[in-house]
Amino acid sequence: MPKKTSVKKKKGKKISHGVIRIHATFNNTIVTLTDPEGNVLCWTSGGAVGFKGTKKGTPFAAQQAAEMLARRAVDNFGIKTAEVLTKGPGSGRDPAIRTLQSAGIRVVSIEDITPVPHNGCRPRKQKRG
């Protein structure tokens, strides 16, 4: 008979300051917690919370995702303060930030890191006729 081995649950490393990245697209909102070096500690999204289809891109889905992440961040990693980096044009950016603040995380700074094209893509060829 094989020996039974018990698997210990991995404890998250305790950090007091983290970086929360909010990637808000029109279809979904992804909220990620990283340490100051950029290593991902945990993440969640509108889809991971349980929304499907077009409901993933709503502000309410982003709020639920941010609330779930904030709970995990405080319980598992002991986060007290965080920088917030937002990216993308989605409608879930502001509700997610407000939810993080109300969940007990002190937001130190909010920065928008949405990439802006300098000259964009090459235009389509001229229509003839």
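## Helix α3 and its surroundings

Helix α3 has five named buried positions: Pro95, Ala96, Ile97, Thr99 and Leu100. In this predicted model, those buried residues pack against two strands named β1 and β5, against helix α2, and against β4, which covers residues 81-87.

After α3 comes Gly104, a residue with a positive phi near 105 degrees.

## Salt bridge from α3 to β5

Opposite charges on side chains can pair when the charged atoms come close. One such pair is Asp112 with Arg93, a salt bridge in which the closest N and O atoms are 3.6 Å apart. Arg93 belongs to helix α3 (residues 93-102) and Asp112 to strand β5 (residues 106-112), so the bridge ties together parts that are 19 residues apart in sequence. Strand β5 is also among the elements that the buried residues of α3 pack against.

Asp112 has a relative accessibility of 45% and therefore counts as partly exposed, since that class lies between the buried limit of 20% and the exposed limit of 50%.

## The other salt bridges

Across the whole structure, a search finds three salt bridges. Another of them joins the side chains of Lys13 and Asp35, at 3.0 Å from N to O. Lys13 sits in the segment before β1 (17-24), whereas Asp35 is in the loop between β2 (29-34) and β3, so this pair ties together parts that are 22 residues apart in sequence. The two partners fall into separate accessibility classes: Lys13 is partly exposed, at 43% relative accessible area, while Asp35 is buried, at 2%.

Arg71 and Glu67 also form a salt bridge, with 3.3 Å between the closest N and O atoms. Both residues lie in helix α2 (residues 59-77); because they are four residues apart there, about one helical turn separates them. Arg71 is partly exposed at 46% relative accessibility, and Glu67 is partly exposed as well, with a relative accessible area of 31%. Helix α2 is also one of the elements against which the buried residues of α3 pack.

## Nonpolar surface patch

Ile30, Val40 and Trp43 make a nonpolar surface patch of about 300 Å². Trp43 is located in strand β3, which spans residues 40-45. With a relative accessibility of 48%, Trp43 counts as partly exposed. That value is over the 30% relative accessible area required of patch residues.

Notes:
Residues numbered from 1 in each chain as written. Predicted model: local features only at pLDDT ≥ 70, side-chain atom pairs only at ≥ 80, totals over all residues. Heavy atoms only, no water. Patch = residues over 30% accessible without salt bridge, like charges linked within 9 Å, V, L, I, M, F, W, Y side chains within 5 Å. Areas by Shrake-Rupley, 256 points an atom, 1.4 Å probe, with all protein chains shown as cover. Salt bridge = Lys/Arg side-chain N within 4 Å of Asp/Glu carboxyl O. Buried < 20%, exposed > 50% of the residue type's maximum accessible area, 1.4 Å probe, protein only. Contact = heavy atoms within 4.5 Å.
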